[in-house]
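I sat down with this one to see how its pieces pack and pair. These are my notes, in the order I looked things up.

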Amino acid sequence: MTYFNNSFKLKLSQENLITKERRRSLIIEHSVHSDFDLDKSKLIKILENSFDEIFVVNKHGIVIYVNEACQKNYDLKPSDVIGKTVHYLVSEGYYTPAIAPLVFKTKKAVTLEQETKSGRKLLVTAIPVFDEKNELDFIVMNSRNITEIEQLRQDLEKTKEYYKTQIQQLRQKELVTQDGLVFQSEKMREFMHTAQRVAPFDTTILILGESGTGKNLLAKQIHTMSNRRHEPYICINCAAIPEQLLESELFGYTKGAFTGAERSGKPGLIELAHKGTLFLDEIGEIPLSLQAKLLQLVQDHTFIPIGGTESRQVDIRIISATNCNLPKLIEQGRFRLDLYYRLNVIEIEIPPVRERSDDIVLLLHYFLNKFDIKYSTSHYFSEECLAVLQNYPWPGNVREIEHLVERLVITVSVSCILPKHLPLPKHAAMPEDTEKKLPALMKTALNKELRDELNEYSFKVKERETILELYENLRSSYKVASILKISQSKVSRIVRTYSNKNKTNP
């Protein structure tokens, strides 16, 4: 009997436990459903907090709902829009074009771009909603303000154009500042434009210009800009090689061509330039006896080595240069007329420095920076010094500027280069009225962009010396920073880096 009583109690206990668990499950289930039960107020709250505009029109074209986003799109409150017809809103110019009529007509979703009265751009998608009879009941329109996106797109296009221009300028800048071929004057720009125009074509070029103007640099640049840039560039100075050796150096020789020749023969510079560019510098100095052989090379791209019997074909581009007056040499019988015309298919004349005074300061800064880096020094030109150098005629052209600046960098122990440091002739002294014209000279020397760029290095040197000098007197980085209107950390960094006398923390 006891057994059955205990068994019955256990069964009742289990049933009670099951009932409690079931009750708990039902409570949780009801709670969950309550959380997801969306009544009208919750739905409205969700719509009102949408970033996009929700715009609902009934089948009669009357606005029955619009959320708060309409205020930032049309500068109208929802109450000003609800109850109005689409036709009224369009006729009042609040937005254009109308999208609802298209949906009424096609009964399909439509997406287009609208512009509001306040100048905003909206991307609108209108979706038709049908009733149980499959008749159009209302239209739900979602509008997103894309004004900022459109502005970003336009800004991106402008940025792309800006950087495209900058890349072109950087490419041009990289080109014209390599190895001293530096300029900003209009005359040099015109001449360089011609060089760039003819570089891709394999035509023969004759470069004219005084000594030191950079004819060899231009020839190398033309080769670099040509389709042969990955092939050999062979330069030979016709005035630097004795007449007796010039033919063998140019055309080479075969085995046993003459006494002392190499047993296997030797290819000439012409043959070594195959597929590339042959630059004949000082072409006016080439002996008359070799000019007929050179004419054959220029005309047919063939030549016969010394001691040879058969012509050899070469694929080369020929660029020549001279500082001589070739027409005068032709009159004197020292240069062949037919060779002149063959070499002078394209003539490019580099103007001397005295004819492009706008480039003088540019060149001075370029070489000063170059040699300061090379010799681990720091210098800058005083304005008086630049005025003197601009007044100097520079008979040696760019080469003279380069050598003078290198000399100054090595010999001038102070940072500021003054007129007294210049080893120039007396006639190069600064004119009496130059002092009054200094500001104007500096303004015309460089346009603002280039002047800022090129003077940046000199400015840093001046700034550093000023900071160090003030610190030596004041012994306080805070006072120096206050006077110069710069940060104290910058003063401390410069003093710590450059001051040899500073033994205590600033």
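**Entry 1: two helices that cross**

I began with H15 and H17, and found that H15 passes H17 in a right-handed crossing. Note to self on handedness: right-handed is when the near helix is turned clockwise from the far one by less than a right angle, and left-handed is when it is turned anticlockwise. I should say early that this is a predicted model, where local features need pLDDT of at least 70, side-chain atom pairs count only at pLDDT 80 or more, and totals for chains, interfaces and linings use all residues. Residues are numbered from 1 along each chain as its sequence is written, and side-chain values use heavy atoms, with hydrogens and water left out.

Helices here are DSSP runs of H or I with at least four residues, strands are E runs with at least two, and both are numbered from the N terminus.

How close do the axes of H15 and H17 come, and at what angle do they cross? They come within 9 Å and cross at roughly 45°. The axes are lines fitted to C-alpha atoms, for helices over the stretch in contact, and the angles run from 0 to 180 degrees between N-to-C directions. H15 and H17 are therefore oblique to each other. The cut-offs: under 35 degrees is roughly parallel, over 145 roughly antiparallel, 65 to 115 roughly perpendicular, and the rest oblique.

Next I listed who touches whom, with contact meaning heavy atoms within 4.5 Å. From H15 the contact includes Leu 363, Phe 367, Lys 370 and Lys 374, and from H17 it includes Val 398, Ile 401, Glu 402 and Glu 406. The residues of this H15 and H17 contact divide into 11 nonpolar, no polar and 5 charged. For that split, Ala, Val, Leu, Ile, Met, Phe, Trp, Tyr, Cys and Pro count as nonpolar, Asp, Glu, Lys and Arg as charged, and the others, Gly among them, as polar.

**Entry 2: charged pairs between H15 and H17**

Some of those charged residues made me look for salt bridges, meaning a side-chain nitrogen of Lys or Arg within 4 Å of a carboxyl oxygen of Asp or Glu. Glu 402 and Lys 370 meet in one, at 3.3 Å from N to O. Glu 402 sits in helix H17 (residues 397-411) and Lys 370 in helix H15, so this pair ties together parts that are 32 residues apart in sequence.

Are these two buried or exposed? Glu 402 is partly exposed at 22% relative accessible area, and Lys 370 is partly exposed too, at 32%. (Buried is under 20% relative accessible area, exposed over 50%, partly exposed in between, with a 1.4 Å probe and protein chains only.)

I also found Glu 406 paired with Lys 374, the closest N and O atoms being 4.0 Å apart. Again one partner is in H17 and the other in H15, so the pair ties together parts 32 residues apart in sequence. Lys 374 counts as exposed, at 52% relative accessibility.

Just past that, I checked Ser 376, which is in the loop between H15 and strand S16 (380-381). Ser 376 is exposed, with a relative accessible area of 68%. Ser 376 and Val 409 are 33 residues apart in sequence, and their C-alpha atoms are 9.7 Å apart in space.

**Entry 3: more salt bridges**

How many salt bridges are there? The count comes to 15. One of them joins Lys 187 and Glu 355, with the closest N and O atoms 3.4 Å apart. Lys 187 is in helix H8 (residues 186-198) and Glu 355 in the loop between strand S15 (346-349) and helix H15 (360-375), so the pair ties together parts that are 168 residues apart in sequence. Lys 187 is partly exposed at 41%, and Glu 355 is partly exposed at 44%.

I noted a network of salt bridges as well, linking Asp 202, Arg 228, Lys 275 and Asp 315.

**Entry 4: a second helix pair**

The axes of H20 (residues 477-484) and H21 (residues 488-498) come within 8 Å and cross at roughly 120°. That makes H20 oblique to H21. Their crossing is right-handed.

**Entry 5: the whole chain**

Last, I zoomed out: the protein chain has 21 helices and 17 strands. Buried residues make up 38% of its 506 residues.
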